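Please open the structure in your viewer and follow along, selecting each part as it is named.

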Amino acid sequence: MNEILKTICVCLIFILSSVANAQDKQCAVILMHGKWATNQSLYFFGNRLKPFCEPKAIEMPWSQRRNYDEPYEIALAEIKSQVEKFRQQGYKRVVLAGHSFGANAALAYMKTEGDVDGIVLLAPGHSPFAMYQRGIGKDAVDKARELVALQRGEEILSMDDLNQGLHRTIRMKANVLLSYFDPNGLGNMPLSAGSFKRSVPVLWVIGTLDPLYPLGSSYGYDKIPQNASSKYLVIEADHGRTPDVAVSQVSEWLSSLP
């Protein structure tokens, strides 16, 4: 009789632990930082999400350390690799959450891959179309396009990069430069927003002090395929502080997803 009870107890423990493990793996979120930042820049934000989603911050090619070491297509492949890891670990929902350039990447990922279950766009940034129209880096982009067409994309070019009013001279391969700064390429957020592979819940968060705030939802959000769970959220914040200011609203939104 004791052996039977032991067997039952072991089975119950196994079942309960399996249920708990399944509950723990309801949601995972991939965090992508902004231009010239690090994967630690979203530490506070990601830590606050832990009750709702397991966070994983990844370092993107536009980080301070990597300095555009790979083209945009490789950046999206790196995101996809982490998505697949979470799927293999059994997470039922995988969400992309990006700040500034990271939000740009989330939009581009939905255009090229679309295999996640939702995206959080925190103060979307990096606007190569606007930069090109203003003449910022225009000569370098034109030269990069010329070199790529001549199959000389490995040649190094210098250009003036822009990040929230700050300018920095950067050097990178012509094919890398074109991938990020082509005004009608993957970095064009309105084009990406209108080219999703499928409809998913989207939370677009913008601060009242953000440069993109005056453009309103028509800039990109209204172009995204409609979804009942999507939301355009306006908060009182500047570009840099948007993730930390919005973290409670993001947590609430994640927990409310069906």
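Begin by selecting Cys-27 and Cys-53, which are joined by a disulfide with an S to S distance of 1.7 Å, a disulfide being a pair of cysteine sulfur atoms within 2.5 Å. The torsion about the S-S bond of Cys-27 and Cys-53 is about 75°, so this disulfide is right-handed. Cys-27 lies in strand 1 and Cys-53 in the loop between helix 2 and strand 2, so the pair ties together parts that are 26 residues apart in sequence. Helices (H or I, at least four residues) and strands (E, at least two) are DSSP runs, numbered from the N terminus.

Before going further, note that this is a predicted model, in which local features need pLDDT of at least 70 and side-chain atom pairs count only at pLDDT 80 or more, while totals for chains, interfaces and linings use all residues. Residues are numbered from 1 along each chain as its sequence is written, and side-chain values use heavy atoms, with hydrogens and water left out.

Next, select the open sheet, where 6 strands follow the order 2-1-3-4-7-8 with parallel pairing; two strands pair if DSSP finds at least two bridges between them. Strand 2 (54-58) and strand 8 (231-235) stand at the edges, each with a single partner strand, so one side of each is left without a neighbour in the sheet. At the strand 8 edge, 5 bridges join that strand to strand 7 (residues 202-207), and Val-205 has Leu-233 of strand 8 as its bridge partner. Now add helix 3 (residues 72-88), which packs on the sheet by touching strand 1 (27-32), strand 2 and strand 3 (93-99), contact meaning heavy atoms within 4.5 Å.

Then turn to the second largest pocket, to whose lining helix 2 (43-49) and strand 2 each give two or more residues. Strand 2 provides the largest share of this lining, 4 residues. Among the lining residues to select are Tyr-43, Asn-47, Glu-54 and Lys-56. On a 1 Å grid over the protein atoms alone, a pocket is an open set of points where a 1.4 Å probe fits, with protein on both sides within 12 Å along at least five of seven lines, and lining residues have an atom within 4 Å of a point.

Finish at the largest pocket, which is lined by 18 residues, with His-126, Ser-127, Leu-162, Gln-164 and Pro-211 lying nearest its centre. Helix 5 (128-133) and strand 5 (156-163) each supply at least two residues of the lining of this largest pocket.

Definitions and conventions: Axes fitted to C-alpha atoms, helices over the stretch in contact; angles between N-to-C directions.
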